[in-house]
Amino acid sequence: MKNKFAERTHLVKPSETREILKITERPEIISFAGGLPAPELFPVEALKVACNAVLNEEGEASLQYSTTEGYIPLREAICQRMKVIGINSTIENVLITSGSQQAIDLTGRLFINEGDTIICESPTYLAAINVFKSYNAKFVEVAMDDEGMVMEELEKKLLEHPNTKFIYTIPDFQNPTGRTLKLERRKRMIELANQYDVLIVEDNPYGAIRFAGEALPPVKHFDTESRVIYISTFSKIFTPGLRLGWICPGERFIDKYVSFKQTADLHTDSFAQRITAKYLELYNIEEHINKIKAVYKERCTAMLSCINEFFPKNINYSMPEGGLFIWIELPESVDSGKLFARCLENNVAFVPGVPFFPNGTKKSTLRLNYSNMPKEKIIEGIKRMGEVLYREIEK
Ligand code: PMP
């Protein structure tokens, strides 16, 4: 049979991280590779209660088809949460999506013409790279420092690339670097977007998981022209398995998002939406999020102090104030892909940095996740990595 696939299918390669994750699922491996929340914190007992209540009180409706926009009480709860962090929205401008990943995909479908430029942080979230690539976007990477995307660089890139459609940013505890965009830069990003007439896609799954420092308003808070498309999720503050995310794109764009969401899957799982809404009604999710923060803070602190103790001194690492990840920059001579193979022989794993750069650079970087391993394993795993690193760096 001749190749029947559409031409665009060649744009998406199998995700390297997925392949890595398969290997690292072996129980003997201490894995800092995934981006998984700590499963022991999932509110299983509370969910049993919420689940039963939904089935008893609204069983039939919860199993029926429902509206594309999403379950109203859940959208109301989302609006309340967003209000607290400085985003004023009505439920009409909130669409429930199947994870925030779907919101990213819909954004690609809605806005990217072949050859459009997307400006992003360098590095950035791998699965967003793959989405935008599948719509044939070109990526222009903007350098980051410890305070997020560098605004002078951003302006330079906006000038050089007049066909930029949007800036894709993860301002809080970015994946993969764990870095946060500082306040003045958030305001500046909005000014630049207004000046150069581009959209901003603010992907913010981690903002609520701040365990140190002062909370910052989202970029959308400073939006004066309805240019910021805000995306978030229940995956990190509740459970990723229910696949509940949302998008708040502003009144100009919401109708198109709803139409395209309808063509994708009609609506997000109504049972999951009602269970989550019931949980939010019966329990205090802030208490739950506080537990997550306390555990991640302990794990992040342990990982940072072990990196300081066991890794060679000629490396750089990020110091996250929240989220799930630490980013490591090794001396340029070290290839983190090769390092990965050596570490795997010692039963410890991470994700090499290359796939996070849309144009495939910076072999000497890697991402560590701390949310998914208990403290003892973090200590042991970083020790093992440190031994390998000393050997590789001295070569
Ligand atoms: N955006 C970013 C930056 C992420 O790190 C993730 C998950 N790792 C997502 C979006 C997608 O999350 P979900 O689909 O579970 O909401």
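Reader: Okay, so a residue is near a molecule or strand if its C-beta atom, placed from the backbone, lies within 6 Å of it. Which residues come nearest to the ligand here?

Author: Of the 13 residues around the ligand, the nearest are G99, S100, Q101, T233 and S235. Keep in mind that this is a predicted model, where local features need pLDDT of at least 70, side-chain atom pairs count only at pLDDT 80 or more, and totals for chains, interfaces and linings use all residues. Residue numbers start from 1 along each chain as its sequence is written.

Reader: Cool. Which helix gives the largest share of that shell?

Author: Helix α4, residues 99–111, with three residues. Helices (H or I, at least four residues) and strands (E, at least two) are DSSP runs, numbered from the N terminus.

Reader: And how many of the shell residues are nonpolar, polar or charged?

Author: Four are nonpolar, eight polar and one charged. Here Ala, Val, Leu, Ile, Met, Phe, Trp, Tyr, Cys and Pro count as nonpolar, Asp, Glu, Lys and Arg as charged, and the others, Gly among them, as polar.

Reader: Let's zoom out. How many helices and strands does the protein have?

Author: There are 12 helices and 14 strands. Of the 395 residues, 47% count as buried; buried means 20 or more other C-beta atoms within 10 Å of the residue's own, exposed means 12 or fewer, and partly exposed is in between, with C-beta atoms placed from the backbone.

Reader: What does UniProt list for it?

Author: An unreviewed UniProt entry gives residues 48–384 as "domain: Aminotransferase class I/classII large". UniProt positions use the numbering used here, feature names are shortened, and annotations may be inferred rather than shown by experiment. In the model, that span is 43% helix and 17% strand, and its end C-alpha atoms lie 40 Å apart.

Reader: On to sheets! What is the strand order in the one with eight strands?

Author: The order is β2-β9-β8-β7-β6-β3-β4-β5, in an open sheet with mixed pairing. Two strands pair if DSSP finds at least two bridges between them. The edges are β2 (95–98) and β5 (148–149), each with a single partner strand, so one side of each has no neighbour in the sheet.

Reader: Why is β3 described as largely enclosed?

Author: Because five of the six residues of β3 (residues 117–122) are buried. β3 pairs with β4 (residues 138–145) in the parallel sense over six bridges. Along that pairing, T117 has K138 as its bridge partner, and E121 stands opposite V142.

Reader: What about the sheet with four strands, what order does that have?

Author: That open sheet runs β10-β11-β14-β13 with antiparallel pairing. Its edge strands are β10 (316–317) and β13 (351–352), each pairing on one side only. Between β10 and β11 (residues 325–329) there are two bridges, and Y317 stands opposite I328 of β11.

Reader: New topic: where are the cis peptide bonds?

Author: One joins S122 and P123, with omega about 10 degrees, and P123 is in the loop between β3 and α5 (126–134). Another goes from N175 to P176, with omega near 15 degrees. P176 lies in the loop between β6 (164–169) and α7 (183–196).

Reader: F173 has a positive phi, so is F173 buried or exposed?

Author: Buried, because F173 has 27 C-beta neighbours inside 10 Å. Its phi is about 50 degrees although F173 is not a glycine, and F173 is in the loop between β6 and α7.
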